[in-house]
Amino acid sequence: MSYLEYKVQTVPTGLRKILYVNWALVLLLAAVSSVGFLMLFSVAGGDLSRWAEPQMKRFALGICVMLAIGMAPIWFWRSMAVPAYLFGLVLLIAVELFGEVGMGAQRWIDLKFMRLQPSELMKISLVMVLAAYYDWLSMERVSRPFWVIVPVVLTLIPTALVLKQPDLGTAILLVAGGGIVMFCAGVSWWYFIAVAAGAGALVYTVFASRGTDWQLIKDYQFRRIDTFLDPSTDPLGAGYHITQSKIALGSGGWTGKGFMQGTQSRLNFLPEKHTDFIFTTLAEEFGFIGGFSLLALYGLIIFFCVVSAVQNKDRFGSLVTLGVAATLFLFFAVNMSMVMGLAPVVGVPLPLVSYGGSAMLVLLAAFGLVQSAHIHRPRSR
Amino acid sequence: MKRVQKEAEEASQLVTRRGVILGGMQLGFMGILGLRMRQMQVEEAESYRLLAEENRVNVRLIAPSRGIIYDRHGVAIAQNAQNYRVIIVREDAGDVDETIAKVLRLIPIDENDLERSLKEMNRRSPFVPVTLADQLRWEDIAEIAVNAPVLPGITPDVGLSREYPLGADFAHIVGYVGPVSDYDLSKIEDPDPLLQIPKFQIGKIGVETKLEADLRGRAGTRRIEVNAGGRVMRELGRVDQTPGRDMQLTIDHGLQNYAQARLADESAGSVVIDVETGELLAMASAPSFDPNLFVRGISSKDYNGLRENTYKPLFNKTVQGLYPPGSTFKMMTGLAALRAGVMGPGETVYCPGHMSLGGRRFHCWKRGGHGWMDLDDAITQSCDVYFYEAAQRVGVDRLAELCREFGLGERFDLPLSAVREGIVPSTKWKAQVRGERWNPGETLNTAIGQGDVLASPLQLAVMTARIATGKVVMPRLVKSINGVEVPSEEAASLNVSSNLMSMIRRSMYNVSNGRRGTARRSRIVTEGFEMAGKTGTSQVRNITTAERARGVTRNDQLPWNRRDHGLFVAFAPFDKPKYAIATIVEHGGGGSSAAAPPSRDILLYALYGDVPPLEAYPSDQRERIRTQHEEMVLRRRLTPGKKASRA
């Protein structure tokens, strides 16, 4: 199935493309990021230069990157899918060999002006390569076992490399992201049911392996699960984060304690309050209204992406759009579940809000693909 | 074309359907998140708000006090001193520069320290307390405390800091502690939470690092109440820390001090060992350095000074230094030949001043030759040719076997950094390490402790102790842990006949007491304390045939680093051996002139338990020894301090 079968003439060209950018999406992204600037300003204790300012600069750069990517035609990006995937794999292997060790895990390559996390890049490359794969694959083959194994392998190779770093959070996101693209492409429901059953069995095996000499995951990972299941077992150790985070969130109430008035954040009960736990500060200082507004903003982004994908007759374009939206969704869903005590602490940032260089840039670049798909979607005469 | 079109339509519809389903599921999950948020923030808000109110309780770690290290008499070598310091919290300090300027008007802070603190402050989060100045006097702290109201974010504090009251004497044995570095953290899996405390001190070298697990102890916790500003209001409860375990070493601080002082001007190492128990009484490595400098963080100027010093003060010569043992090795060659029966006990060898082998000439140190020599003459006068002959007969492999029984080539299990095993060459060793065949000429070099043989002063001391007792004495450094004696095993006997051993001991007695002995000038005259020893001089350069023809250049005409190493091994008293010693003076010239005199002095101190009286020395040397003692800077022998020095 190729794009060229459509009437290319109806696609906008040249500077006219700017008119066809999905501006609502741009506005929503800017709104979410602005919430981030505000919170970064607050957790730095009213210090703009500490986190908020670098974040703003990166956002400005990211928006430019997004528009630039959006201007390039979507069929160009489809042709880039396989090279991007291979490049991502090479970087993941490179980080294994030459990467710097930080926070107990080997995750980034130092490019002097920024630290590149290849696993961030991989999330997008994986969506691209799977979308291109299904764009190429004919309909009747989609659910055939062999043609299902190929995308599974494409997903598991980078997942294995990321797990080795070790970065459990990103590994989960990669598998879920890959699965979602496969689901959207129309792979039979039975596969997903089978995988869910298999995952249940695997979880059981992992727990059965505990304490034996073939133990499958590290002790600290077991402890994280323990404290997730029952934070009170270790209120001063690992459970401390979850307990404190929940207290901060709950004590925010309906309207919150006011900007820069959060006692939990001020008194340093919160861990990593500028990165993974930034949502708790928001919820503490702006209450349910603040927290729910951010959730609604994310919801609108997802909504606009789904609408754009549904209107798009190009399979690659709509799959990429859905994949990128799913990536964003997975990020904030896992992060929010974590701070609300619905999921174990796995170290996933709140997208566009948490302080962090490559995550924001890569995500905005991914929305560039969404824009490109939106601008260059085939239109009926 | 039509079919393709139709399929595309189908595919697009499928993607649309699935996309809508996915969007619905995502929306559903967001709904759950929203409900959860509502539940926590609206319905349960009141209870969480109460928790947040109560949440003024903070938990802090209490660092355990590190185990104290004592010498054999209970004198503290490493202890914990109260460290008065000033701490700054950037977040609370307001205008940091202005606050620091105010502090500087009250107390002096070293510029380098200040710069380091500022750097650390910028690296860490604004709420992390950073030490602004430490090792302050009580008056300074009082000054800060009085002015606290105008110094926001500044708090006086008292902590424990490692202190080495005996300074440079124990730098190489005990080592020092320093703040945990990222490098240290990267080496440890699942690190102790204590290591996350900024500037927490851990052992970096020596006993401090080798016995880190025992010395560190376990952290306690302190529950404290803080007010809305984050200031500590009161303590609610605590779980006490478990202090680290105290270590008592076998070293005698007085002897160690004397040995360091006696070798102070040289680049030298000396080890004193109890021949019966194997307890190490002194391990002096000169020059040394002050470990306290490292605890506080040494300036790069001082550090480079230590690193670039040609006498290598950072290098522990007693276990890390490997030297050709020279003639101190000859007892091994003699014992090997006599044990194997290839050389009779009274058999003589003629020394014409050299021996020829395979077209090469191997010289004796005495150009004119010694004439007819038996074992006793050969050891007393250190004749090389006798041992060339002995080694050739017994062969290098049997020689190596004997050396290993005497502790050469063995890495002793001591809690010290960089203990090395040295080299005992053999045909197997050469095949394995160099991949070459053994060359017969090398046997002759090995016979006189040159060539590839390398030993540390510790190994030579153990060798001498084993000669003195005929037993497999094992060196040990830790006497007791937390007051519980570390058990030692009864030493087994060596597989050498006692006749042979007493012959060798008698010859060593003659070295330092006989009329022609090479160390006669360094004898001990006190009755019952007589010393038996052996000198050694090991070359660090090759003497060419041309130079030999011209006449070998004398040591004092060579640059320092080309001069011979001087070695001496000895035990005393001869009749009832108590202590053994091995000394190396790097590039000191001959063993009899450079290494024997300090060895004798140190052994005498060990025997008398204090600075030896002049009567112990030959009458013609007493005047010189008196001035030598007057010029030496010694520490007074200390009595065991109160154990209450731990706070």
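## Overview of the two chains

Chain A has 14 helices and three strands, and the model in which these elements appear is a predicted one. Of the 381 residues that make up chain A, 49% count as buried. When contacts in chain A with a separation of 6 or more are considered, residues 24 or more positions apart account for 70% of them.

Chain B contains 24 helices and 21 strands. It has 647 residues, of which 42% count as buried. Among the contacts in chain B between residues at least 6 apart in sequence, 74% join residues that are at least 24 apart.

## A helix pair in chain A

Two packed helices are described by the angle between their axes and the distance between the axes. In chain A, helix H6, which covers residues 145-163, packs with helix H7, which covers residues 168-185, at an angle of about 170° and with the axes 9 Å apart. An angle over 145 degrees counts as roughly antiparallel, and H6(A) and H7(A) are therefore roughly antiparallel to each other.

The side of this contact contributed by H6(A) consists of Pro151(A), Thr155(A), Pro158(A), Thr159(A), Val162(A) and Leu163(A), which meet Thr170(A), Ala171(A), Leu174(A), Val175(A), Gly178(A) and Met182(A) in H7(A). Sorted by character, the residues of the contact between H6(A) and H7(A) comprise eight nonpolar, four polar and no charged.

## A helix pair in chain B

In chain B, helix H16 (residues 384-394) and helix H19 (residues 440-447) pack with their axes 8 Å apart and at an angle of about 125°, and H16(B) and H19(B) are therefore oblique to each other. The crossing of H16(B) and H19(B) is right-handed.

From H16(B), the residues Phe387(B), Tyr388(B), Ala390(B), Ala391(B) and Gln392(B) meet Thr443(B), Leu444(B), Thr446(B) and Ala447(B) in H19(B). The residues of the contact of H16(B) with H19(B) divide into six nonpolar, three polar and no charged.

## A buried loop residue in chain B

Glu586(B) lies in the loop of chain B that runs between strand E21 (579-585) and helix H23 (591-608). A residue is buried if 20 or more other C-beta atoms lie within 10 Å of its own, and Glu586(B), with 24 C-beta neighbours inside 10 Å, therefore counts as buried.

Leaving aside residues up to four places away in sequence, Glu586(B) touches Ser267(B), Ala268(B) and His565(B). Of these partners, Ala268(B) is 318 residues apart from Glu586(B) in sequence, while in space the two are 5.6 Å apart from C-alpha to C-alpha.

Definitions and conventions. Residues are numbered from 1 along each chain as its sequence is written. Chains are lettered from A and ligands numbered from 1 in the order in which they are written. This is a predicted model: local features need pLDDT of at least 70, side-chain atom pairs count only at pLDDT 80 or more; totals for chains, interfaces and linings use all residues. Helices (H or I, at least four residues) and strands (E, at least two) are DSSP runs, numbered from the N terminus. A residue is buried if 20 or more other C-beta atoms lie within 10 Å of its own, exposed if 12 or fewer, and partly exposed in between; C-beta atoms are placed from the backbone. Two residues are in contact if their C-beta atoms, placed from the backbone, lie within 7 Å. Axes are lines fitted to C-alpha atoms, for helices over the stretch in contact, and angles run from 0 to 180 degrees between N-to-C directions. Angles under 35 degrees count as roughly parallel, over 145 as roughly antiparallel, 65 to 115 as roughly perpendicular and the rest as oblique. Ala, Val, Leu, Ile, Met, Phe, Trp, Tyr, Cys and Pro count as nonpolar, Asp, Glu, Lys and Arg as charged, and the others, Gly among them, as polar. A crossing is left-handed if the near helix is turned anticlockwise from the far one by less than a right angle, and right-handed if clockwise.
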